[in-house]
Amino acid sequence: MVLLAVLVTVVYGNYARAELGLAQPWAYLVGLGFVVCLLGSVLLHELGHALTARRFGIGVRRITLELLSGWTEMDRDAPAPRVDALVSLAGPAVSLLLGGVATAAALVLPDRTLAGEIAFQLALSNVLVAFFNVLPGLPLDGGRALRALLWAMLKDRNRATVVAGWSGRALALVTASVSIVLYRVGLVTLLGLVFVLLVVLTLWQGAGQSIRLGRMTGRFPLVDLGSLVRPVLAVPAGTPLGEAQRRRAEDPRPDVVLAVADSAGSLTALVDPVAAERVPVDRRPWVSVESVARSRDALTTLPLGLTGEQVVRALQAHPGAQYLVTAGEDVVGVLRVADVAAVLEPRRAR
Ligand SMILES: [Zn+2]
């Protein structure tokens, strides 16, 4: 973002020097003013999304500003395609409105004055933000509107997300190709090309993330706690790690997880496999299991019977490597986050 801000300041500063005949520091100050205008425009644009979302009862957690686009984080997805479309198009609508007002002001104000220049900057930045964001590919607003349309047609939000994500990638490729052609024929400067390619790169990455998320969310129902849970082998506190690992190797059940139990036999801690692996083999007979274990109080508990989506939400809310799975008061076993990841992204896991 800083890189983009510097680029825009320089490109716009050079333009202001040539067009307005401003001296060097002032020209770049006008360039910096353009950056501030862009940020302000993006903020108002994001407020358009945020306030529309709240109107439909969707809470807003935070707004992140970038130079050409921002991001409004909501506490849940839109419940219906119509709401999704309205929330996503509210931002570009605000930008277009601001752009229209600023264009009118720029036309009225005298040319080659600071006030006229600021109005022109605001008009340019808002129209730019509106048109950039309305392009029909995820992660852009236009892409979310496209997803809403596909969602209404296909009745499957996740498939709609994947298709709109591929549309975003196609858009990135087209934008990159067009800007390279424009550079080759001399219509775009090298700095302008670098700027566009940086934007294209973020677009490409965002589209890829959308595709990934759409695929993963479609697989949430496949996360079956009952079949993913690993059995537990509890050893008494004070057992050397080497001895505990030997007992686990002899256990006929596959995927057994080592745990520590107190004298009454109730589970007090889970052995952290990463910490256990870090102990050198010749030290393992002298290290007790609880020194490489996480106490039960520090672990998140998942009751058996949660749906796949509920499990994933719980994992997102409480990041960790291992979770205790319980039925009532009893510990049924352990869920490893890597096992869930393998279900959600089988290709990556392989
Ligand atoms: Zn937007």
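# A zinc site among helices, and a valine far along the chain

Val256 is buried, because its relative accessibility is 7%, under the 20% that marks the cut-off. The model is a predicted one. Val256 sits in the loop between helix 9 (241-250) and strand 4 (257-261). What covers this valine? Beyond its neighbours within four places in sequence, Val256 is in contact with Pro231, Val232, Leu233, Arg248 and Asp251. Val185 makes a useful marker for distance. Val256 and Val185 are 71 residues apart in sequence, and their C-alpha atoms are 65 Å apart in space.

The residue just before Val256 deserves a look. Asp255 lies in the loop between helix 9 and strand 4. Its phi is near 60 degrees, a positive value in a residue other than glycine. Most residues other than glycine have a negative phi. Asp255 has a relative accessible area of 47%, so it counts as partly exposed. Val256, in that loop too, is buried.

Now to the helices. The unreviewed UniProt entry lists residues 28-47, 85-106, 118-140, 161-182 and 188-207 under "transmembrane region". The model can be set beside two of these spans. Residues 28-47 are 100% helix and 0% strand, with end C-alpha atoms 29 Å apart. Residues 118-140 are 70% helix and 0% strand. The end C-alpha atoms of that span lie 27 Å apart.

Helix 4 covers residues 114-133. How far should its 20 residues span? At 1.5 Å a residue, the expected span is 28 Å, and the end C-alpha atoms are 28 Å apart, so the two agree. The buried residues of helix 4 are Gly116, Glu117, Ala119, Gln121, Ala123, Ser125, Asn126, Val129, Ala130, Phe132 and Asn133. An α-helix has 3.6 residues a turn, so residues three or four places apart point the same way. Which elements cover the buried residues of helix 4? They include helix 1 (2-20), helix 2 (24-55), helix 3 (81-108), helix 5 (141-154) and helix 7 (190-218).

Asn133 lies in helix 4. With a relative accessible area of 4%, Asn133 counts as buried, because the cut-off is 20%. A polar atom of the Asn133 side chain lies 2.9 Å from the backbone oxygen of Val129. Asn133 is also in contact with His45 and with Asp141. Those two contacts lead to the metal.

The unreviewed UniProt entry places a "binding site" at His45, His49 and Asp141. These residues are spread over 97 residues of sequence, yet they cluster in space, with a largest C-alpha distance of 10.7 Å. Which atoms hold the zinc ion in the model? The protein donors are NE2 of His45, NE2 of His49 and two OD atoms of Asp141, lying 1.9 to 2.6 Å from the ion. The donor residues are spaced H-x3-H-x91-D in sequence. One pair links distant parts of the chain: His49 is in helix 2 and Asp141 in helix 5, 92 residues apart.

Why is the arrangement irregular? The 4 donor atoms subtend angles of 56 to 147 degrees around the zinc ion. A tetrahedral site would need all angles between 85 and 135 degrees, so this range rules that out.

The donor residues themselves are well covered by contacts. His45 is in helix 2 and is buried, because its relative accessibility is 1%. Outside its sequence neighbours within four places, His45 is in contact with Gly91, Pro92, Val94, Ser95, Val129, Asn133 and Asp141. Asp141 is in helix 5. Its relative accessibility is 6%, so Asp141 is buried too. Asp141 is in contact with His45, His49, Ser88, Pro92 and Asn133, again leaving aside neighbours within four places. The side chain of Asp141 also makes a polar contact of 3.1 Å with the side chain of His49. His49 is buried as well.

Two backbone features remain, one on each side of helix 5. Pro139 lies in the loop between helix 4 and helix 5. The peptide bond from Leu138 to Pro139 is cis, with omega near 10 degrees. Most peptide bonds are trans. Lys155 lies in the loop between helix 5 and helix 6 (157-184). Lys155 has a positive phi of about 60 degrees although it is not a glycine. Is Lys155 buried or exposed? Its relative accessibility is 69%, so Lys155 counts as exposed.

Conventions:
Residues are numbered from 1 along each chain as its sequence is written. This is a predicted model: local features need pLDDT of at least 70, side-chain atom pairs count only at pLDDT 80 or more; totals for chains, interfaces and linings use all residues. Side-chain values use heavy atoms; hydrogens and water are left out. UniProt positions are given in the numbering used here, feature names are shortened, and annotations may be inferred rather than shown by experiment. Helices (H or I, at least four residues) and strands (E, at least two) are DSSP runs, numbered from the N terminus. The expected span of a helix is 1.5 Å times one less than its number of residues. Buried means under 20% relative accessible area, exposed over 50%, partly exposed in between (1.4 Å probe, protein chains only). Contact means heavy atoms within 4.5 Å. A polar contact is a pair of N or O atoms within 3.5 Å; within protein, one must be able to donate a hydrogen and the other to accept it, and residues adjacent in sequence count only if both atoms are side-chain atoms. Donors are N, O and S atoms within 2.8 Å of the metal (3.2 Å for Na, K and Ca); water is not among the atoms, so sites may look incomplete. Four donors count as tetrahedral if all angles lie between 85 and 135 degrees; four count as square planar and six as octahedral if opposite donors are over 155 degrees apart and all others between 65 and 115; anything else is irregular.
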